[in-house]
Each structure stands twice: as structure tokens, then as C-alpha cells.
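Please look over the structure shown here before reading the report on its sheet, helices and aromatic pairs.

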Amino acid sequence: MTRKNSNLCKLCDSYAWFTFQNRLGKKIEEHQLSNPQQELYMMTWGNTTQPLPSKVVEALVDAATKLGNKSTYTGYGEYQGNIKLREAICNNYYKKRGIDLKPAEIFVSDGSQPATFSVQQLFSLDNVIGLQSPMFFPFSDENILAGRKKIIYLECNENNNFIPELPTSKVDIIYLCFPNNPTGAVATKEQLKVFVDYAINHNSIIIFDAVYSVFITDTNIPRTIYEVENATKCAIEIGSFSKMAGFTGLRLGWSVVPFDLTVEHTVAGELTEMFRVLEHTRFLGASNLVQKGGIVALSPQCQQEYQKIINYYLENAKILNKGLETFGLKCFGGKNNPYIWAKGAEGMSSWEVFDQLFSKAGIVSVPGSVFGSSGEGFLRLSTFVNREDIEKAVEKLL
């Protein structure tokens, strides 16, 4: 008899995001019936809103046009990613931060979320997993789906500035996300070094989500974990064009699996080769068109244009943060990060704080409890919205 996937059943039974979306949909529907004139301001998703630079659009159009000509038509690309794109990631993203990586250590993906799902497949199912809490839910979901049962949670709260303490027991794989989604926290080089040293001493691996690194403006905050000495020996980093270049709908990301990375019974370069085989097995490569756009997006000219867009979102965060604090919420993040993590009055649940902003100003956010029990009492607000919506929402708060 054919049996269902019991791991997927566990995930379906506990999938907080679906529950949230269903509850949110009902709330919006009921609210609009009773308040048909009130405008709603969606600050839920990390979905970018500002248009692509013209040079990137030109590259995408040119790549698509060439597919219509027999002499310039192309089929499958390189499974690991366009070599020019991997070189651009090495030279225009890492090298300017003093990190010397090789294109063979870079694996292009169709976004950061698929990349993290792939990376965890490098490791045995009996490894102990350490997750920040609250957390970006796919980190937990992918391990539940794989069948891992040994998962511990590293508490991130107001007392530790949302930077977790080291595990008190042996952890084999530690997921870190900085700048953090959802709490908006950033980690200093010294704070990251504590985790790198732990990983080196315990022969552990760090999976580091650096998707929001381009929002860091403080020169004392590292944009990549590889700015920490010895990190290439213990860390895999996940990057993305979604927030850096507005590619949320185009889907383009990457993983770094350094040659220096080793675990028990492996030698230098073995995990990189294993990941190459894994990617060739499950994946035929990211879209050729999108990769052409990614190459142009990493050019110095486009990087300057993108910095203006990043500054736009950060200014959104500044405006929203001020409005929320004036309203009476305590806010974290919003600096070096596009997310604001807002705390309600003592004793209020996340949904109660949600209702406060929803009824008062039509602001739609994500209750912190969606990201785990440690998020109870908080809200996450995304500033990937148009400026006029931020300004109108804040005006209604005051």
C-alpha cells in the first residue's frame, strides 16, 4: 500500500503561515464589509515595490529577444550558474568587502529560499539543528520536511537585543539570519565571531542568511559572515537578488559553499563537490534571462541606482518607526534593516497589537506569534511599500 509522507503531514499540521493567511483573509474581508471606505496599508510581505533600473530591464529584454533568433537561441545553461554571474558575485559583491572567493564556490539558485532547502540536504538527518527564535519559518519547515527531529531553539528577546546566546549543548548546524527577519536585529563582528569560534571548536556548521545585508549602513556591522576570521571553514552563506535588486518576482539567489568547509570524515573541497553533484541532480539551473539581468544588476552603475532604492526603503522605515513610537509602541529594527519589530503594551498578544493598528490606521502587519512563541506580543512590519502609503498610515496613527 502506498503511504503518504508523514514528514509533510507534520508540516501541514503545524504550518503557522497558512493559519495566519486564512485568519488575515477573514479579518480583511470582515473589516472591508464594515469599513468599506477605509484604505488598507499592506505591510505584511517582504515584497519589493520599486521598479528595476533601466539597464537591468534592457538586459532582460535583450536576453529574451535573442531567444527568438535561431543564431542566438540558447537552451540549458550551466547548472551551477552563468560563469559571468558567479564571477560578478565574487568580484562585485565579495571582493569589495575583502573576501576572496572562487566562482566554483558559488552556486546560483532561483532564490534564497530554494537555496536553503538545498543546502540542508548536504547533512545527515541525525544532526542537531539550532534555530533562532523567533525565526523565518522556512528554516524550521525544511528540517521538519527532511525528517529531522533534533531541533533546539536559541532564544532571541529584548534582554539579549535579539542576538541569541550560544547553545548550552552540542549543536551540529546553526541557522543565523542577520540582518534578521523578523526582529530587525543586526549582529556585530564580535557577536558573529562567538558563533564562528563555537562552530570551529565543535566541528559544527553555520548556515548564514545574508539576504538583507545590503540594508546595512553601519560600517561596524559585517555584510557577510566571511568578514569574520575562519568563517569559510564553518559557514555556508545564502544571498539573494530579491531585496538587493528588486528581483522578488524574477527569482535569483546564490549559495556559497567554500572549499575550506569541512565536517566529520570530509576533506577540503569535498562538501563543495557534494553540493555540485546535488545541484546537478535536482536542478537544471536558474533562468538564463534572469541571470543576464543579475550580471548587469551587479555592475557599479546599477549598484549606485540600487543604493538609492535601498535608501528609499530605509527612509520608509525611519518614518514608520517614528509614527509607531509616537502611537505608543516600542520599536526595534528599521535601521540597517527594512523590517520593524514592534512591541505592544505589557500583556497584549500579537493579534491584539495587530488589531490596534488595523482598526486605527488600516495597517496590516504580521503578528510576531507567527514566527514562533518567542514572537508573542510583537508585530513585524515590512517597509517595502510606497512612500505615500507609509505617510498616510502614519498620519492616521497620530
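The report below takes up an open sheet, then one helix and its packing, and lastly the aromatic pairs.

In this predicted model, four strands form an open sheet in the order β9-β10-β13-β12, and their pairing is antiparallel. Because β9 (330–333) and β12 (366–367) each have a single partner strand, they stand at the edges, and one side of each is left without a neighbour in the sheet. Between β12 and β13 (residues 378–382), which run antiparallel, there are two bridges, and Val366 stands opposite Arg380 in β13. Across β12 and β13 lies helix α12 (residues 350–361), which runs at about 50° to β13.

Helix α3 (residues 54–66) has 13 residues and spans 18 Å from its first C-alpha to its last, close to the 18 Å expected at 1.5 Å a residue. Its buried residues include Val56, Ala59, Leu60 and Ala63; these cover an arc of only 95° around the axis, which puts them on the same side of α3. The buried residues of α3 pack against α10 (288–297) and α11 (300–327).

The structure holds 24 aromatic pairs. One of them, formed by Phe20 and Trp351, is tilted, with 6.0 Å centre to centre and 40° between the planes. Since Phe20 lies in helix α2 (residues 16–34) and Trp351 in helix α12, the pair ties together parts that are 331 residues apart in sequence. The burial of the two residues is as follows.

| Residue | Relative accessible area | State |
|---|---|---|
| Phe20 | 2% | buried |
| Trp351 | 12% | buried |

Elsewhere, ring pairs link Tyr93, Tyr94, Tyr226, Phe241, Phe247 and Trp254 into a cluster.

Notes: Residues numbered from 1 in each chain as written. Predicted model: local features only at pLDDT ≥ 70, side-chain atom pairs only at ≥ 80, totals over all residues. Heavy atoms only, no water. Pairing = 2+ DSSP bridges. Contact = heavy atoms within 4.5 Å. Axes fitted to C-alpha atoms, helices over the stretch in contact; angles between N-to-C directions. Expected span 1.5 Å × (residues − 1). Buried < 20%, exposed > 50% of the residue type's maximum accessible area, 1.4 Å probe, protein only. Arc of directions from axis to C-beta. Phe/Tyr/Trp six-rings, centres within 6.5 Å; stacked < 30°, edge-to-face > 60°.
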